[in-house]
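Here's a quick briefing to read with the model open on your screen. Grab the viewer and follow along, one topic at a time.

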Amino acid sequence: MSSNIKKITKNSRRKRFSDEQIKSLETTFESESRPELHLKQNLANNLGLQPRQVAIWFQNKRARSKSKQIEREYSMLKSNYDNLALQFEALRKENQALVIQAQKLRKMADHSKNDVENDNKNQIKIDISSHELCMPDYLEEADVLNMAQIAEGSLASPENVCSLESCTFLDNTGGGAEWWEF
DNA sequence: TTGTGTTTTATTGCCTCC
DNA sequence: GGAGGCAATAAAACACAA
């Protein structure tokens with residue numbers, strides 16, 4: 001900025017526009033943010049301003065409007081991001097739980113596979129109270145289990161009799177397998 | 001009252017369009 | 001090449017806490 005212009009600026013003591021002037025400019029801006037020359041000249045005449053001042057006001061107003069719009073968009077994007085981050089964290093935890101569950105199921109599946117392989121050997125021995133029993137082909141695992149429980153006298157009533165499906169045999173990894181010794 | 005931060009008016013330099 | 005727009009910036013005016 002030249003010193004000449006600086007002097008002019010200092011001497012001419014810039015004043016803020018009146019409320020009425022601002023209101024009129026704002027109203028025009030709402031309908032036309034880039035008014036043509038003749039409209040700016042009309043506004044200047046009506047408001048007692050220089051056309052140059054009106055042009056500068058619109059220029060500055062467009063800049064303010066643009067930066068406010070950017071702020072709004074930023075806050076919207078930030079809000080969306082925060083929501084997505086929350087959803088991501090919830091899904092991450094759910095995924096973690098499912099991975100653990102899958103590992104347990106895989107272990108259980110491995111145990112079942114071993115059982116089937118051992119069935120095929122056609123020789124199953126059960127060690128109950130130091131007695132060793134062999135399980136014939138026609139016996140199911142549940143039958144053997146029930147027999148073992150009966151042998152131990154653990155079945156106090158008929159309702160305690162359970163099948164393979166209803167028992168927790170497969171749920172306790174390794175717990176039920178202790179009954180079998182091959 | 002004064003120091004400081006914010007808002008508003010104005011300038012400058014660059015770019016695009018006709 | 002001139003007119004007009006935009007980004008960056010200066011500087012005056014204003015708001016407000018200490």
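On one side of helix α3, H38, N45 and N46 are exposed. The opposite story belongs to K40, L43, A44 and L47, the buried residues of α3. Viewed down the axis of α3, those buried residues fall within an arc of 100 degrees, so they line one face of the helix. Keep in mind that this is a predicted model.

**Around α3**

- The cover over the buried residues of α3 includes α2 (19–31) and α4.
- Just past the end of α3, G48 takes a positive phi of about 70 degrees.

**α3 against α4**

- Helix α3 spans residues 37–47 and helix α4 spans residues 51–120; their axes come within 8 Å and cross at roughly 115 degrees.
- That angle makes α3 roughly perpendicular to α4, since 65 to 115 degrees counts as roughly perpendicular.
- The crossing of α3 past α4 is right-handed.
- On the α3 side, the contact is made by K40, Q41, L43 and A44, and α4 brings P51, V54, A55 and F58.
- Sorted by class, the residues of this α3–α4 contact come out as six nonpolar, one polar and one charged.

**α2 against α3**

- The axes of α2 and α3 come within 11 Å, crossing at roughly 160 degrees.
- The two helices, α2 and α3, are therefore roughly antiparallel to each other, as angles over 145 degrees count that way.
- Here too you'll find a right-handed crossing, with α2 passing α3.
- Q21, S24, L25 and T28 of α2 meet L39, L43 and L47 of α3.
- The α2–α3 contact divides into four nonpolar residues, three polar ones and no charged ones.

**α2 against α4**

- α2 and α4 pack at an angle of about 65 degrees, and their axes are 11 Å apart.
- As α2 passes α4, the crossing is right-handed.
- From α2, the residues making the contact are I22, L25, E26, T28 and F29. From α4, they are V54, W57, F58, K61, R62 and S65.
- By class, this α2–α4 contact holds six nonpolar, two polar and three charged residues.

**Residues worth a click**

- Is T28, a residue of helix α2, buried or exposed? T28 has a relative accessible area of 14%, so it counts as buried, the cut-off being under 20%.
- Setting aside residues up to four places away in sequence, T28 touches L39, L43 and F58. T28 also turns up in the contact of α2 with α3 and in the contact of α2 with α4.
- L43 is one of the buried residues of α3, and L43 takes part in the contact with α4 as well as the one with α2.
- F58 of α4 is among the residues in contact with α3, and F58 is also listed in the contact with α2.
- K61 sits in helix α4. Despite being a lysine, K61 counts as buried, at 15% relative accessibility.
- Which residues is K61 in contact with, leaving aside its neighbours within four places in sequence? The partners are E26 and F29, and both belong to the α2 side of the α2–α4 contact.
- K40 of α3 is buried as well, and K40 is one of the residues making the contact with α4.

**The loop before α2**

- S18 lies in the loop between α1 (3–11) and α2.
- With a relative accessible area of 34%, S18 is partly exposed.
- S18 and L47 are 29 residues apart along the chain, and their C-alpha atoms are separated by 9.4 Å.
- L47, for its part, is one of the buried residues of α3 and belongs to the contact of α2 with α3.

**Chain A as a whole**

- Chain A has five helices and two strands.
- Following the sequence, the pattern of chain A reads α-α-α-α-β-β-α.
- Chain A has 182 residues, of which 19% count as buried.
- Take the contacts in chain A between residues at least 6 apart in sequence: 52% of them join residues at least 24 apart.

Key: Residues are numbered from 1 along each chain as its sequence is written. Chains are lettered from A and ligands numbered from 1 in the order in which they are written. This is a predicted model: local features need pLDDT of at least 70, side-chain atom pairs count only at pLDDT 80 or more; totals for chains, interfaces and linings use all residues. Side-chain values use heavy atoms; hydrogens and water are left out. Axes are lines fitted to C-alpha atoms, for helices over the stretch in contact, and angles run from 0 to 180 degrees between N-to-C directions. Helices (H or I, at least four residues) and strands (E, at least two) are DSSP runs, numbered from the N terminus. Angles under 35 degrees count as roughly parallel, over 145 as roughly antiparallel, 65 to 115 as roughly perpendicular and the rest as oblique. A crossing is left-handed if the near helix is turned anticlockwise from the far one by less than a right angle, and right-handed if clockwise. Contact means heavy atoms within 4.5 Å. Ala, Val, Leu, Ile, Met, Phe, Trp, Tyr, Cys and Pro count as nonpolar, Asp, Glu, Lys and Arg as charged, and the others, Gly among them, as polar. Buried means under 20% relative accessible area, exposed over 50%, partly exposed in between (1.4 Å probe, protein chains only). The arc is that of the directions from the helix axis to the C-beta atoms.
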